[in-house]
Amino acid sequence: MRSMKKLLLVIDYQNDFVSGSLGFEQAVSLEAPICDKIEVYLKNGDDVIFTLDTHDQNYASTQEGKKLPVPHCLKGTHGWQVYGKAEKYLSEAAAVFEKPTFGSLNLAEYLKDHPYDSIELCGVVSNICVISNAVLARAALPEAAIVVDSRCTASGDAALNQKALDVMAGLQVTVL
């Protein structure tokens, strides 16, 4: 009998979303629980993957830039880097996906070729990138358990955070 193959997705836990141009207080408090979760996954021999919101200098001319005119996560800047203690785990990641928009199509393609039994998501922002990648994970691996720990994700808007968790639950994501 093969052991259960598990994956932790750390979504966009980057300086600009925590303490930078789009930062919010609740994101700072996620550092310890996210790092604890990464430690558990690595200790158990499970995979950890990071996504990095990644924009170029032309951000203002993109669809996202026109609707959210706040430059953030510009590749190579401090704001683009993984926040705090979580950054030290990048070198142990099974993969790192840079993504120019909310969901990562490259991540979904990767998941199709790596049949995980369980995929847990953490990071920010719950109502944008976390929910987008949860939907892509579900599409890529329809039989995998998709999990979001509400203690390890947040939004700058508490009401939208709760709505995102409710929508994910409706999409058969297990919300802890």
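These are legends for three close-up views of the structure above. It's a predicted model, where local features need pLDDT of at least 70, side-chain atom pairs count only at pLDDT 80 or more, and totals for chains, interfaces and linings use all residues. Residues are numbered from 1 along each chain as its sequence is written, and side-chain values use heavy atoms, with hydrogens and water left out.

**View A. The largest pocket.** Its volume comes to about 290 Å³. Of the 17 lining residues, Phe17, Leu22, Leu68, Val125 and Ile128 sit closest to the centre. A pocket here is an open set of points on a 1 Å grid over the protein atoms alone, where a 1.4 Å probe fits, with protein on both sides within 12 Å along at least five of seven lines; lining residues have an atom within 4 Å of a point. Helix α6 is the top contributor to the lining, with three residues.

**View B. Helix α6 (126-140).** Helices are DSSP runs of H or I with at least four residues, and strands are E runs of at least two, numbered from the N terminus. This one has 15 residues and spans 20 Å from first C-alpha to last, close to the 21 Å expected at 1.5 Å a residue (1.5 Å times one less than the residue count). Its buried residues (under 20% relative accessible area, 1.4 Å probe, protein chains only) include Cys129, Asn133 and Arg138.

**View C. Val148 in strand β5.** Val148 belongs to β5, residues 145-154, and counts as buried because its relative accessibility is 0%. Leaving out residues up to four places away in sequence, Val148 touches (heavy atoms within 4.5 Å) several partners, among them Leu121, Leu165 and Met168.

Definitions and conventions:
Points joined across faces, edges and corners; volume = space filled by probe spheres on them. Buried < 20%, exposed > 50% of the residue type's maximum accessible area, 1.4 Å probe, protein only.
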